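Trainee: I am new to this structure and would like to understand it step by step. May I put my questions to you as we look at it together?

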Amino acid sequence: MDQQVIFDVIADLIIEVVSHMGITIRVEQEESLQYGHIFNIIGSDTYSLIGRQGSHLHALTTLVRILAVKKCGSVPPFLIDIDDYYRKRQWYIKDIVRKGIQEAQRTGQPVSLEPMPHYERRMVHTLSQEQFSGVTTSSNGREPYRYVIITPTV
């Protein structure tokens, strides 16, 4: 199946699933080096689709991915976004990681970040390893309250 046909099927699935929630939307598509393909949801009352820390949006993406695989066989990587939520959330996470690392290095003490979903904790670990030296990160706690600890290395 042609890749654009698959993307059109995914866009239709997004509209169908969200319409069952009583929300009317349209979907714009764009290519992304980081995510493969992004489906931007546009409409009013879409804030409820994001959920706390993007939990509803992540669940919507997972559901649509399962439905698309069932319908198309396999699908290329994609992300569903609303009003640049993921871009804004990444900026926020990078900022708290930078501040947490600075505090850990300044005080010499471990710093605990706020609880966050697994995909955001993974982003924190990756960002810390790739862009900062002198600290290690680990996850602690139980879902849904797992959080990252930034520890300065000696």
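Trainee: Is Asp 84 buried, partly exposed or exposed?

Mentor: In this predicted model, Asp 84 lies in the loop between E3 and H3. Its relative accessibility is 32%. Buried would require under 20% and exposed over 50%, so Asp 84 counts as partly exposed.

Trainee: What is the phi of Asp 84 near?

Mentor: Most residues other than glycine have a negative phi. Asp 84 is a residue other than glycine, yet its phi is positive. The value for Asp 84 is near 55 degrees.

Trainee: Which relative accessible area does Asp 83 have?

Mentor: Asp 83 lies in the loop between strand E3 (79-82) and helix H3 (85-107). Asp 83 also has a positive phi, near 50 degrees. The cut-off for exposed is over 50%; Asp 83 is exposed, because its relative accessible area is 56%.

Trainee: Is Arg 121 buried or exposed?

Mentor: Arg 121 lies in helix H4 (residues 118-131). Its relative accessible area is 6%. Since buried means under 20%, Arg 121 is therefore buried.

Trainee: Which residue has a side chain joined to that of Arg 121 by a polar contact of 2.8 Å?

Mentor: Leaving aside residues up to four places away in sequence, Arg 121 touches Met 116, Ser 139, Glu 143, Arg 146, Tyr 147 and Val 148. The polar contact of 2.8 Å joins the side chain of Arg 121 to that of Glu 143.

Trainee: Which residue does a cis peptide bond join to Glu 143?

Mentor: Most peptide bonds are trans. The bond that follows Glu 143 is cis, with omega about 0 degrees. The partner is placed in the loop between strand E5 (135-140) and strand E6 (147-152). The residue joined to Glu 143 by this cis bond is Pro 144.

Trainee: How many residues lie between E5 and E6 in their hairpin?

Mentor: E5 and E6 run antiparallel and are joined by 6 bridges. In one of these pairings, Thr 136 has Thr 151 in E6 as its bridge partner. The turn of the hairpin includes Gly 141, with a positive phi of about 95 degrees. The number of residues between E5 and E6 is 6.

Trainee: In what order do the 3 strands of the open sheet lie?

Mentor: E4 is joined to E6 by 2 bridges, and these strands run antiparallel; Val 111 has Ile 150 in E6 as its bridge partner. E5 is also joined to E6. The antiparallel open sheet thus has the order E4-E6-E5. Strand E4 (111-112) and E5 each pair on one side only, and the edge strands are E4 and E5.

Trainee: What pattern does the protein follow along the sequence?

Mentor: The secondary structure comes to 4 helices and 6 strands. Read along the sequence, these elements give the pattern α-β-β-α-β-α-β-α-β-β.

Trainee: What share of contacts between residues at least 6 apart in sequence joins residues at least 24 apart?

Mentor: The protein has 154 residues, and 40% of them count as buried. Its C-alpha atoms fill a box of roughly 55 × 30 × 25 Å along the principal axes. Among contacts between residues at least 6 apart, the share joining residues at least 24 apart is 58%.

Trainee: How many Å apart are the mean positions of the positive and negative charges?

Mentor: The protein exposes about 9200 Å², and carbon and sulfur atoms supply 53% of that area. It carries 16 positive and 17 negative charges. The distance between their mean positions is 9 Å.

Definitions and conventions. Residues are numbered from 1 along each chain as its sequence is written. This is a predicted model: local features need pLDDT of at least 70, side-chain atom pairs count only at pLDDT 80 or more; totals for chains, interfaces and linings use all residues. Side-chain values use heavy atoms; hydrogens and water are left out. Buried means under 20% relative accessible area, exposed over 50%, partly exposed in between (1.4 Å probe, protein chains only). Contact means heavy atoms within 4.5 Å. Accessible areas come from the Shrake-Rupley method with a 1.4 Å probe; for residues, only the protein chains shown count as cover. Lys and Arg count as positive and Asp and Glu as negative; His and the chain ends are not counted. The place of a charge is taken as NZ of Lys, CZ of Arg, CG of Asp or CD of Glu. Two strands pair if DSSP finds at least two bridges between them. A polar contact is a pair of N or O atoms within 3.5 Å; within protein, one must be able to donate a hydrogen and the other to accept it, and residues adjacent in sequence count only if both atoms are side-chain atoms.
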